[in-house]
2 protein chains.
Amino acid sequence: MDICAVFQAQVLYNFTAEPGNNELSVREGETLTVLSQTVGRGWIEVQNSSGRTGLVPEGYLQVSSGESSFHVLLEPVHVSTVTELLQDRRINPSRIVAAEITDFTIKVLSPSAVDDEDGEWDDDWDDQSVGGYHGNNQLDGEGGASGQIITFIDNSTTLVVCALIGSCSLSNQMGEVGPVWLYPSSSLDCVIADPKKESKLYGLKSFIEYQLTPSTTNRPVNHRYKHFDWLYERLLEKFGSALPIPPLPDKQVTGRFEEDFIRMRMEHLQAWMSRMCRHPVVSQSDVFQLFLTYRDEKEWKAGKRRTERDEAVGPMIFTLIESEAAELDAAQVEQRCEQYSQFTKSMDDGVRELLNVGHAHWKRCTGPLPKEYKRIGRAFRNLSNVFNSSKYPGEETLTNAMTVAGETYEEIAVIVAQQPQKDLHFLLETNSEYKGLLSCFPEIIAVHKAAVEKVKEADRLVSAGKINNNDRKWMNQRISCMSYSLQAEMNHFHSNRIYDYNRVMQLYLEQQVTFYQQIADKLRAALSQFTTL
Amino acid sequence: MDICAVFQAQVLYNFTAEPGNNELSVREGETLTVLSQTVGRGWIEVQNSSGRTGLVPEGYLQVSSGESSFHVLLEPVHVSTVTELLQDRRINPSRIVAAEITDFTIKVLSPSAVDDEDGEWDDDWDDQSVGGYHGNNQLDGEGGASGQIITFIDNSTTLVVCALIGSCSLSNQMGEVGPVWLYPSSSLDCVIADPKKESKLYGLKSFIEYQLTPSTTNRPVNHRYKHFDWLYERLLEKFGSALPIPPLPDKQVTGRFEEDFIRMRMEHLQAWMSRMCRHPVVSQSDVFQLFLTYRDEKEWKAGKRRTERDEAVGPMIFTLIESEAAELDAAQVEQRCEQYSQFTKSMDDGVRELLNVGHAHWKRCTGPLPKEYKRIGRAFRNLSNVFNSSKYPGEETLTNAMTVAGETYEEIAVIVAQQPQKDLHFLLETNSEYKGLLSCFPEIIAVHKAAVEKVKEADRLVSAGKINNNDRKWMNQRISCMSYSLQAEMNHFHSNRIYDYNRVMQLYLEQQVTFYQQIADKLRAALSQFTTL
C-alpha cells in the first residue's frame with residue numbers, strides 16, 4: 001500500500017477520542033497526515049506518526065500542504081488546452097510553452113451554464129453575508145476542494161497509482177482487467193423520496209423538494225431539481241474530461257406538478273443519484289458529499305460558493321493525477337484509446353437501436369395493439385349478444401362462452417397496454433441511462449486523442465529544440481497517467497454494465513414470461529367455457 | 001308420417017331385386033308411388049301398394065303425375081312478381097289478377113349471367129347432339145327437375161308440412177324451435193382434392209380441374225371452377241328467394257396457377273360445397289345431384305340442358321310448397337319476418353366488425369409486429385456482440401444469454417407471423433362464409449315483406465270487390481307456407497351457426513393458448529440462461 005501523503009496538519013488543541021466513534025485522540029503540536037477532509041462536515045480523517053487513523057474535529061487542526069512533490073498541484077491552475085495540460089510543469093521548475101503547437105481546444109464548461117429553472121435561483125443565492133467556511137480551513141478560499149485522493153490500482157501489474165482527487169482505501173481485489181478504481185469499503189447509496197410541493201413569495205413561486213437520505217449519515221437533506229442541476233454542472237465541469245457524468249432527466253416546464261411527472265422525475269433522479277453514488281471518484285468528491293451531507297443552509301451556501309470557485313476542473317483533473325505505475329508508451333495508449341472509442345461507439349449504436357425499437361414497440365403496445373384486442377373482444381361479445389337475441393333454444397353455453405372469450409380479449413387489451421410499464425420501461429430506462437453515459441465518452445476520448453497527437457509530435461519538437469528530453473519524458477508520464485485513468489474508468493463502466501444488463505434483461509424476460517403465461521392461462525380458462533364437440 | 005304423394009309410376013316390365021341392394025321387385029302393370037327420382041342416375045325410389053320401398057331402374061317404369069291436387073304445380077309457370085305468386089291460383093280454377101296492385105319486382109336471375117371464366121364455356125356446350133335424357137323420363141323436356149319433395153316439420157305443433165321440391169324421410173327429432181327441414185338419414189359430404197392443371201386447344205387454354213368425391217357414391221367426378229360457378233348460378237336462380245345460397249370464392253384472373261392460390265381456392269370451394277351438402281333441400285336437388293353424381297359427359301350435358309330449362313325458379317319456388325300445418329295470420333308472419341330481418345342484420349354487422357378487426361389484426365401480426373420482434377431480437381444480439389468485443393473477462397454468461405434472448409425474439413417474430421394462418425385464418429374464413437350467407441337474407445326477407453304487404457291489402461281488395469274471400473284465404477295459405485319455409489330455414493341457419501361458431505371459437509382459442517404458451521416457454525428457456533443475481 002503506497003498512498004501519497006499530500007496534506008499535513010498541526011494539532012492546535014488536545015482532543016480525546018470518544019470510544020466507538022472512529023475518532024483519534026491527538027495532542028497539541030502533533031503533526032498528522034490528512035487522509036480525507038470530506039468524511040463529514042466538521043471532521044477530518046487523519047493518520048498519526050504511529051500509523052493509527054481516525055477522525056479529529058476540524059477546529060482542532062491547522063491543515064497545511066506537506067513538503068511532498070504534490071505540493072504545487074494545490075496552486076490554482078488555469079489550463080484550458082491539452083497542450084498546456086501536457087506541458088504544465090509547474091511541478092517542474094523549467095516550464096516550457098510550445099507556442100507552435102496547434103492546441104486542441106477543450107470545451108469550457110461555464111458555471112453560469114446552470115439554467116435557472118424557475119427564475120429564482122439567483123435570488124436564492126444573493127445572500128453573500130455568509131461567514132468564512134469554518135474559518136480554520138486554509139484551503140477554503142483558495143479554489144480548494146482539491147484535497148482528495150483518487151487511487152487506482154493496476155491489478156495486472158500490482159502497481160499502485162495515486163492521484164490527488166479523492167481518498168479511497170486500497171482494495172485487495174485482484175483480476176485480469178488492468179487498472180481499476182479503488183472502491184470504498186462500504187458502498188454509498190442514497191434514497192430519494194417524499195417529494196413535497198413547496199412555495200415561496202407568498203405562493204407565487206412553487207417547486208418540488210425531494211428528500212435525500214444518504215446511507216452514510218442516514219440524515220435526510222432536501223433538494224430541488226435545480227440543485228441537482230447545479231450538482232450535475234459542477235460534476236461535469238470538474239470530472240467531465242475524465243469520467244462520464246450522465247445527464248440529468250430533461251427539464252420539463254408543463255405539468256411540473258402532475259403526480260405522474262413528479263413520480264417519473266424522482267425515479268430518474270434516483271437512478272442518476274444511485275449511479276453517481278456507485279462511482280468511487282464522484283461519490284467521494286467534495287461537491288458530492290456537500291450535496292448529500294450539508295447540515296444547514298449556511299454550510300450548504302458556503303460549500304456551494306467554494307466549489308464554484310474550484311479551478312481544478314476540466315482537463316486540469318489530469319494535473320491532479322500522479323502515477324507511480326509503469327509508464328506506457330504512446331502507441332499503447334493510442335491503441336487502448338482507439339479500442340475504447342470503438343467499443344463505446346458500437347455500444348452507443350446498439351443502445352440507440354434498442355431504444356428506437358423499444359419506443360416503437362411501446363407505442364404499439366399501448367396504442368394500436370390493445371385497441372385491436374379490445375375490438376376483437378368487443379366483436380366476440382357483440383356476436384354473442386346477437387346470438388342471444390336469436391331466441392333459438394339451447395345456445396346459452398355458446399353465447400356465455402363467447403361472452404367470456406370477448407371479456408378475456410378485453411382483459412388482454414388492458415394487460416397488453418399496461419405491460420410496457422412493467423418490463424419495457426426498465427429496459428428503456430437502463431438503456432437511456434447508458435445512452436447518457438455513452439454520450440460522455442466522445443469528449444473523454446477526444447481529450448485523450450488530442451493528448452496522443454501531441455505526444456506523437458514530441459520527437460519532432462525535441463529535434464527542433466523546442467523541448468528537451470526531460471520535457472518529453474514528462475509528457476509521456478502524463479499521458480501514461482491519463483491512460484491509466486481511462487482504463488480504470490472503462491473497467492468501472494464494464495463491471496457496472498455487466499451488472500446492469502444482467503439485471504435488466506432478467507427483469508424484462510421474467511415479466512415477459514409472466515405476461516405471456518398470464519394470457520395463455522386466461523385464454524385456457526375462456527376455452528374451457530365451450531362445450532367439447 | 002304424412003307424405004303427399006305426387007308422382008305415380010306404371011311398371012313396364014317385371015324387375016327382380018338383387019338382395020342387399022335396397023332394390024324392390026315389381027311386376028308389370030303394378031302402380032307405384034314415386035318417392036325420389038334423384039337417388040342416383042338410372043334409379044328411382046318407389047313405394048308399392050303394400051308400403052314396401054326400394055329402388056327400381058328408370059327404364060322399367062313409366063312415371064306420371066298422380067291425381068293429387070298438386071298436379072297443376074307441374075305445369076311450367078312463369079311468375080316474376082310476388083303479386084302473381086300470391087295470386088297464382090292455377091291450382092284453383094278462378095284465377096284473379098289484381099291489376100291495381102303495385103308489384104314488388106323480383107330480381108330475375110338470368111341463366112346467361114354465368115361468366116365464361118376463360119372464354120371457352122360456350123364451346124364446351126355447343127354440342128347439341130345429345131339424345132333425350134334416358135328417353136323414359138316424361139318429366140324431361142317439360143322444364144322438369146321439379147320432381148322433388150321438401151318436407152319440413154313443425155315440431156311445436158307436430159304438424160307436417162309437405163312441399164313439392166325434394167324428398168326427405170321424416171326425422172323423429174323433436175324440439176321447441178318450430179318448423180325444421182327434414183334432414184336425410186345419412187348426411188352427404190363431398191371431398192374436393194387433387195387439383196390438376198389441364199389444357200386444351202393444344203395447350204393454348206389451360207385450367208384447373210378438381211376431383212370431387214361424394215360420400216354417397218364414393219365415385220369421383222371432375223369439375224372446373226366455372227362448373228362450380230354454373231352450379232352456383234343454378235342454385236341461386238332456383239332457391240335464392242327462399243334459401244341463402246352463399247357466393248363462391250372470388251374469381252381471380254392473375255396467378256390462377258400459383259400453388260397457394262389453387263390451394264386457397266380449393267379450400268374455399270370445399271367449404272362452400274360442404275355447406276351445400278349440409279343443406280337438406282339444396283343437397284337433394286336435381287341440379288346438385290347431377291353435379292356430384294353424373295356418370296359421363298353425355299349425362300352431364302343432358303342434365304345441364306335440362307336444369308337450365310327449369311322454370312320453377314325464383315319466387316316460383318314457393319308455388320311448389322304446400323303446407324298442411326295450421327295457417328298463420330299475417331301479423332304473425334310479419335312479426336317473424338321482422339325478427340329474422342333484425343337478427344340477420346345485427347349478425348351481419350357483428351360478422352363484418354369481426355372481419356374488419358380480424359383483417360387489421362392479420363396485417364399487424366404478419367407485418368409490423370413480427371418486424372418489431374425481429375428488431376428487438378436483433379438489437380439484443382447486436383448488443384451481445386458489442387459486449388463480446390469489450391475483451392472484459394467473465395462476461396461470457398451475459399453475452400451468451402443475451403444472444404439466446406435475441407434469437408428467441410427472432411423466433412417469436414416467425415411464430416407471430418405464422419400464427420394468423422393457424423387460427424385467425426379459420427375465424428375469418430368462417431365469418432366470411434357467414435357474411436356470404438347473411439348477404440342472401442335481405443333478398444329472402446324482401447320477398448316475404450312484399451308478400452306481407454300484399455296480404456295486408458287483402459281486406460281492402462275484398463271490400464273493393466277485386467278479390468273474393470276464397471282468394472283471400474288462398475293468399476293467407478301461401479304466405480303462411482312462406483313463413484313456415486322461412487322459419488325452417490332460419491332454424492337450419494341457427495343450428496349450423498351454433499355448430500360452426502362453437503367449433504371455430506374453440507379452434508381459435510386452442511391455437512391462441514398454444515401460441516402464447518409457446519412464447520412463454522421459449523422466453524422462460526431464454527431467461528434460464530442468465531445467472532441469478
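Visitor: Two residues are in contact if their C-beta atoms, placed from the backbone, lie within 7 Å; among the contacts in chain A with a separation of 6 or more, what percentage is accounted for by residues 24 or more positions apart?

Guide: This is a predicted model, and chain A in it has 13 helices and 12 strands. Taking the contacts in chain A whose separation is 6 or more, the share that belongs to residues 24 or more positions apart is 69%.

Visitor: Which helix of chain A gives the most to the side that touches chain B?

Guide: In the pairing of the two chains, 51 residues of chain A are in contact with 51 residues of chain B. Helices H7 (330–366), H8 (368–388), H9 (396–422) and H13 (469–527) of chain A each supply at least two residues of the side that touches chain B. With 19 residues, the helix that gives the most to this side of chain A is H13(A).

Visitor: Is Ile412(A), which lies in helix H9 of chain A, buried or exposed?

Guide: A residue is counted as buried if 20 or more other C-beta atoms lie within 10 Å of its own. Because Ile412(A) has 23 other C-beta atoms within 10 Å, Ile412(A) is buried.

Visitor: Which residues does Ile412(A) touch, not counting those up to four places away in sequence?

Guide: The C-alpha atom of Ile412(A) is separated by 8.8 Å from that of Gly377(A), a residue 35 residues apart from it along the chain. When residues up to four places away in sequence are not counted, the residues that Ile412(A) touches are Tyr373(A), Ile519(A) and Lys522(A).

Notes:
Residues numbered from 1 in each chain as written. Chains lettered and ligands numbered in written order. Predicted model: local features only at pLDDT ≥ 70, side-chain atom pairs only at ≥ 80, totals over all residues. Helix = DSSP H or I, 4+ residues; strand = E, 2+ residues; numbered from the N terminus. Buried ≥ 20, exposed ≤ 12 C-beta atoms within 10 Å, placed from the backbone.
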